[in-house]
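Here is a friendly walk through one protein model, for a reader at the bench. Have the sequence and the 3D view open as you go.

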Amino acid sequence: MRQNDKIACILEGRERRDRKSLCKAINDFQQHFQRPETRREFDLSDPLALKKDLPARQSDNDIRNTVSGMQRFMGEDLNFRERKKFQQEQSREWSLQQQREWENARAYQRCAEDLYVKTRLQLDETAKHLQNLESATRKAVSAAVKEFNKSQATESLERKIREKKQEQEDNLAEISNLLRGDLLSENPQQAASSFGPHRVVPDRWKGMTQEQLEQIRLVQKQQVQEKLRLQEEERQRDMDWDRRRVQTARAALLMERQQQRQRRDLRRALDCNNLSLAKEQHARKKYMEEICTNQHTEDYFTQFNTRSR
């Protein structure tokens, strides 16, 4: 236990020395590398901040005077008196300049009004002269147009008379040419084509000749006879087909009647056979019933005799 206590005291002393050396090393490190003035937010807690700080405003052009700082307002600059004196001088100069400009404008307006009156009078004289010239020119033009229209009307009347006369002559010539021409005379020769006798000119064709009409009628008669012959042949074929259909139907009817008779005979024979089988079965059943009855009777009497004994 003494040994353990001694070892514990030695370890505790060593731990105390190590803690002390660590704290000293931390303090030395903070003194050399983590001083308060090297921190980023030191200016917020610096005790000498007010002594080190600059005045809020050193001049009018100080870059620190931003809009949000509200350190400079209109009319509160440092050279207010000099600026006010300069503004008064400037206002006086502006007033004098406005007076001079007003006087110059009035003089210019009077000159412009005089010039406008003179120009207006000159324009009125010019307009009056031009109106007189226009009236004279209009009268001359009206007279010239009247003479021109008169000559044009006379010329137009003469031209219409000549045109009407020429039209009448042309109409008479056209009528005579039509009367003597091949169109109204129905000349069939004018439709002859230069490509052969079998060709005609469509716009001049006047119809077929009598020979062509007779040939067409003959061909039509032949076609009618051929059609009648074909109709007769078709009628004969239809009659043959009808006769064959009737014979076929008659044969089928006879065959069907024969089949009906055979079925009737077969049914009659089957009925007779069934009747005989039924009679035979009925007789057999009756015979079997009699045998059963006799057997029961014998059994009854046998039992009765046995009981009596």
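## The annotated coiled-coil span

UniProt, in an unreviewed entry, places the feature "coiled-coil region" at residues 150-178. The model you are looking at is predicted, and in it the span of residues 150-178 is 100% helix and 0% strand. The end C-alpha atoms of that span lie 42 Å apart.

## The overall layout

Stepping back to the whole chain, the protein has 5 helices and 2 strands. Their order along the sequence is α-α-α-α-β-β-α. Two of the helices will come up again and again below: helix α3 covers residues 80-180, and helix α5 covers residues 210-308.

How many of the 309 residues count as buried? The share is 4%.

## Charged patches on the surface

Let us turn to the surface, beginning with negative charge. E163, E167, E169, D170 and E174 gather there in a negatively charged patch. One of these residues, E163, belongs to helix α3. E163 counts as partly exposed because its relative accessible area is 48%, and the limits for that class are 20% and 50%.

A patch of the opposite sign, positive charge, is formed on the surface by R257, R261, R263, R264 and R267. Among them, R261 sits in helix α5. With a relative accessible area of 44%, R261 is partly exposed.

## A nonpolar patch

Which residues make the nonpolar surface patch? They are Y116, V117 and L121, and the patch comes to about 320 Å². L121 is part of helix α3. Is L121 buried or exposed? Its relative accessible area is 54%, so L121 is exposed, the cut-off for that class being over 50%.

## Salt bridges along the helices

Side chains of opposite charge can pair when their charged atoms come close. The structure holds 14 salt bridges, and a few of them are worth a look in your viewer.

In helix α3, R92 pairs with E89, and their closest N and O atoms are 3.0 Å apart. The two residues are 3 positions apart in that helix, about one turn. R92 is partly exposed at a relative accessible area of 44%, and E89 is also partly exposed, at 40%.

Helix α5 offers two further examples. E233 and R229 form a salt bridge with an N to O distance of 2.6 Å. Why are E233 and R229 separated by about one helical turn? They are 4 residues apart in helix α5, which means about one turn lies between them. E233 is partly exposed at 33% relative accessibility, and R229 is partly exposed with a relative accessible area of 39%.

The other example in helix α5 joins E280 and R284, whose side chains meet at 3.4 Å, N to O. Here too the residues are 4 apart, about one turn of the helix. E280 has a relative accessible area of 44% and is partly exposed, whereas R284, at 52% relative accessibility, counts as exposed.

Salt bridges with shared partners also link E89, R92 and E93 into one network.

Note on methods:
Residues are numbered from 1 along each chain as its sequence is written. This is a predicted model: local features need pLDDT of at least 70, side-chain atom pairs count only at pLDDT 80 or more; totals for chains, interfaces and linings use all residues. Side-chain values use heavy atoms; hydrogens and water are left out. Patches are made of residues with over 30% relative accessible area and no salt bridge: like charges are joined within 9 Å, nonpolar side chains (Val, Leu, Ile, Met, Phe, Trp, Tyr) within 5 Å. Accessible areas come from the Shrake-Rupley method with a 1.4 Å probe; for residues, only the protein chains shown count as cover. A salt bridge is a side-chain nitrogen of Lys or Arg within 4 Å of a carboxyl oxygen of Asp or Glu. The place of a charge is taken as NZ of Lys, CZ of Arg, CG of Asp or CD of Glu. Buried means under 20% relative accessible area, exposed over 50%, partly exposed in between (1.4 Å probe, protein chains only). UniProt positions are given in the numbering used here, feature names are shortened, and annotations may be inferred rather than shown by experiment.
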